[in-house]
Amino acid sequence: IPSVSSIVPESCLLIVVGLLVGGLIKGVGEKPPILKSDIFFLFLLPPIILDAGYFLPLRPFTENLGTILIFAVVGTLWNAFFLGGLMYAVCQLGGPGLNHIGLLANLLFGSIISAVDPVAVLAVFEEIHINELLHILVFGESLLNDAVTVVLYHLFEEFANFEQVTILDIILGFLSFFVVSLGGVLVGVIYGVIAAFTSRFTSHIRVIEPLFVFLYSYMAYLSAELFHLSGIMALIAAGVVMRPYVEANISHKSHTTIKYFLKMWSSVSETLIFIFLGVSTVAGHHYWNWTFVISTLFFCLIARVLGVLVLTWFINKFRIVKLTPKDQFIIAYGGLRGAIAFSLGYLLDYKHFGMRDMFLTAIITVIFFTVFVQGMTIRPLVDLLAVKKKQETKRSINEEIHTQFLDHLLTGIEDICGHYGHHHWKDKLNRFNKKYVKKCLIAGERSKEPQLIAFYHKMEMKQAIELVESGGIGKIPSAVSTVSIQNINPQTLPLERVLPALSKDKEEEIRKILRTNLQKTRQRLRSYNRHTLVADPYEEAWNQMLLRRQKARQLEQKMNNYLTVPAHRVDSPTMSRARIGSDPLAYEPKEDSENLPIITIDPASPQSPESVDLMSEEPKGCSGLPPSPEEDEEGLVMRVKEPSSPGTDDVFTPGTSDSPSNQRMLRCLSDPGPRPEPEEGEPFIPKGQ
C-alpha cells in the first residue's frame, strides 16, 4: 500500500505488526516472547552496526568529526544529567509513589533514555533522504554516543551498590570513559588489520572471502563486550579500517556478496527489533505513573532542544559551513530513541531497582512518541522547511577529480603557510598508508601506484584475445596493440562486430582507481617563516637605489613649487627639429615675452641625434650674458654627452645637469608657448617655407 508507506515510516508499521502479533498470542492464552537483552546485544544489534560502519561515508564523517563528537559526548552528558536531576526533583515533589526513588536511580534512568538510537535514526532518515551533512551529524552522534551510554550505565549501576561514593570513584568513572571509547576503537583497529592481512592470502579460495569479514568483525564486537568496552565503537573501527584493503584483495563477486549479505542481515535484524518492541510492549509488566511518564517525555524534548541550540551556537564559532536554524531544528527533532534504551532498561536488576517496571513503561512511551510522532512528522516538516535533500545520482568522474584537485590545492596552501590543518594531516596519513601499510596488507600489483595503467593493459590484453578468437588472426607480435591490429587486418573483423561496452562493474572499478590514484601533492618543504628567511645580499643595494629615487622625486616636487608652467614631455632632438621646421611661427616670441630666450635652430645640422644630449643644450640669452656674434651665426650650441665612468649608476647618480638652474632651463625649453588656432583649410606646412 504505497499511500500508507509514504506517510508512516516502516519502523512504525513494524511496531504495529508486533503489537498485533503480541495481542493475538495473548488472546490465545499463550505468553508472548519478550526481547531479551542478551539476544538483542549479541545477535540483533551487531549486523546493523557493521553495515553502518563498513559502508560509512568516510569523507563527510571525518570532515564533521569534531561536531559529531561534541554532540555525542557533551550532548549526551548534558541530556543524562539534566534529565536525571529534573526527574529527581519531580520524584521528590511527586507524592508518596515516587519519594523512594533516589538520585542515582534517576541519573541511571537519564543515562538510559538520553542516548539517540542508531537503529531508529537509520530507519527514519534513510526514508526521508535528508542531505548528507544532517544525516551524518545525527547518525554519527547515535553511533559514537554508545561509549558515553555504556560508561554512565555501568557507572551508576555500580554506584547504586556502594554505601558511599567517594571523589576517587567519580574520577575513576570519568577516566573509564576514555578507556571504554579508546579501548573499543583499538580493538576494532586490531581486528580490522588482521582481516585485511588475512584477505591478502585468499586468492585461491574466493568462496570463503566474505566469511572473514563477518568473522573478524563479530570477533571485534565480542572482544570489546567481554572487557566492558564499547562494542559499537569496535565494530565501526573494524569496518572502516578493513574495507579499503579487503576490497583491493577480494574478487568482485565477493564484494557483491558482502554488500548484499550485510544489507539483508541488517534489514532482518531491524525488522525483528521493531516487531519484538511491539510484542514486548504487550507482554511486559507495566506500572503507569502519569507524573513520571509525562515529565520524562517533556524533559526529554526540552533537554534535546536546549542541548542542540547551545552546542550549535558554540560549534558555529569554529565551523566554516555554519549550521542554519533549519539544520538545528532537524538535528533536535531527529533525536529518536529506540531498542537500545529498552534493552538497557530490561537489564536492570529488581533487587537494586524495584521501580524497573515504571522505568520500562516510561522508556516505551518515549520510544513510541519519538518513533511515531517525530518519525511520521519529520518528512512533511523537511518538505515544508525546504531542507536540502540528498543527491540521488552518483557523482561524475569529473566532480571526483576536481574534488581531489581541491584537496591537493588546500594541502599545498596549508603546506606553504605552515598551518597544520585537516588537509595536512590527511595528506600525511595518505602518504604513510601508500608507503608502508598498503605494501603489507594488499597483495600483488595492486599495492603499487599505477593501477590505472595495469587495468588498461589488462583490458587491452582481453580485447586482443577476443579479437584473435573471433577474427582468426595468425601470429601477432606481442608488442603490437589492438589498434595496430585493426589497422593491419581490418577485413578479418566481422561487419556486425562492435566493441563491447563497459559493464557497471568495470566502470565502478575505473572510477575507484581514478579516485584513489590521482596526482600526489609535492613533498613537504620547509614552511615560510619571517624568522627563518635567509638575508638577501642585494637588499642593501636596493635600499640605496630606492633612497636615491626618493631624493630625486623630492627635488622634482620642490622645482614644481617654483615653476608655474607645467612641464611637458621632453622630445628627442630629431622630433624638436621636425616640429620647428614644420611650424616656426609657433616658436616666434610674443610682445610680452621679453625675458624668454630666442632660439634659432639650423634644421640641416650635421650632428646625429644619438650624439646629442638635450640636457646639455644651453641657449643664448638664458645665462644672463650678451650673445656673441659667433653664437648668432651658429644658432643653438649642442654639446656631446660625456660617457659616464664605469661603476656609476646612470639613473640615480646626479650629474651636472641635475642642478636647479639646468632643470629650470629644461622647462623653459620644453614649453613652446600657446599655439595659435589653425584656420580651417590652412595647410600644416605654410607655403614658402
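**Exercise 1. Find out how many contacts beyond four places in sequence the model has for residues 474–495, where pLDDT stays under 50.**

Start with the score: pLDDT is the predictor's confidence in each residue, from 0 to 100. This is a predicted model, where local features need pLDDT of at least 70 and side-chain atom pairs count only at pLDDT 80 or more, while totals for chains, interfaces and linings use all residues. Residues are numbered from 1 along each chain as its sequence is written, and side-chain values use heavy atoms, with hydrogens and water left out.

Next, count contacts (heavy atoms within 4.5 Å): residues 474–495 have 17 beyond four places in sequence. Try the other stretch under 50, residues 603–627, and you get 40. Where pLDDT is low, the predicted coordinates should not be read in detail.

Finally, zoom out. The chain averages a pLDDT of 77, and 72% of its residues score at least 70. Among its elements, helix H21 (residues 482–488) has the lowest mean, 43, and helix H11 (residues 209–226) the highest, 94. Helices here are DSSP runs (H or I, at least four residues), numbered from the N terminus.

**Exercise 2. Check the length of helix H2 (residues 10–28) and work out where its buried residues point.**

Length first: the expected span is 1.5 Å times one less than the number of residues. With 19 residues, H2 should span 27 Å, and its end C-alpha atoms are 27 Å apart, so the two agree.

Now pick the buried residues (under 20% relative accessible area, with exposed meaning over 50% and partly exposed in between, using a 1.4 Å probe and protein chains only). For H2 they are Ser11, Cys12, Leu14, Ile15, Gly18 and Gly22. Down the helix axis they fall within an arc of 160 degrees (taken from the directions from the axis to the C-beta atoms), so they line one face of H2.

What do they pack against? Helices H7 (118–128), H13 (252–283) and H17 (356–385). The face turned away carries the exposed Leu20, Leu24, Gly27 and Val28. Right after H2 comes Gly29, with a positive phi near 105 degrees.

**Exercise 3. Describe the largest nonpolar core and the surroundings of Phe40.**

A nonpolar core is a set of buried Ala, Val, Leu, Ile, Met, Phe, Trp, Tyr and Cys residues joined through side-chain atoms within 4.5 Å. The largest has 120 residues, with Phe40, Leu45 and Phe292 making the most contacts inside it. H17 gives the most to this core, 13 residues.

Then list the partners of Phe40, skipping neighbours within four places in sequence: Leu35, Leu45, Pro46, Ile273, Ala339, Ile340 and Ser343.

Notes
Helix = DSSP H or I, 4+ residues; strand = E, 2+ residues; numbered from the N terminus.
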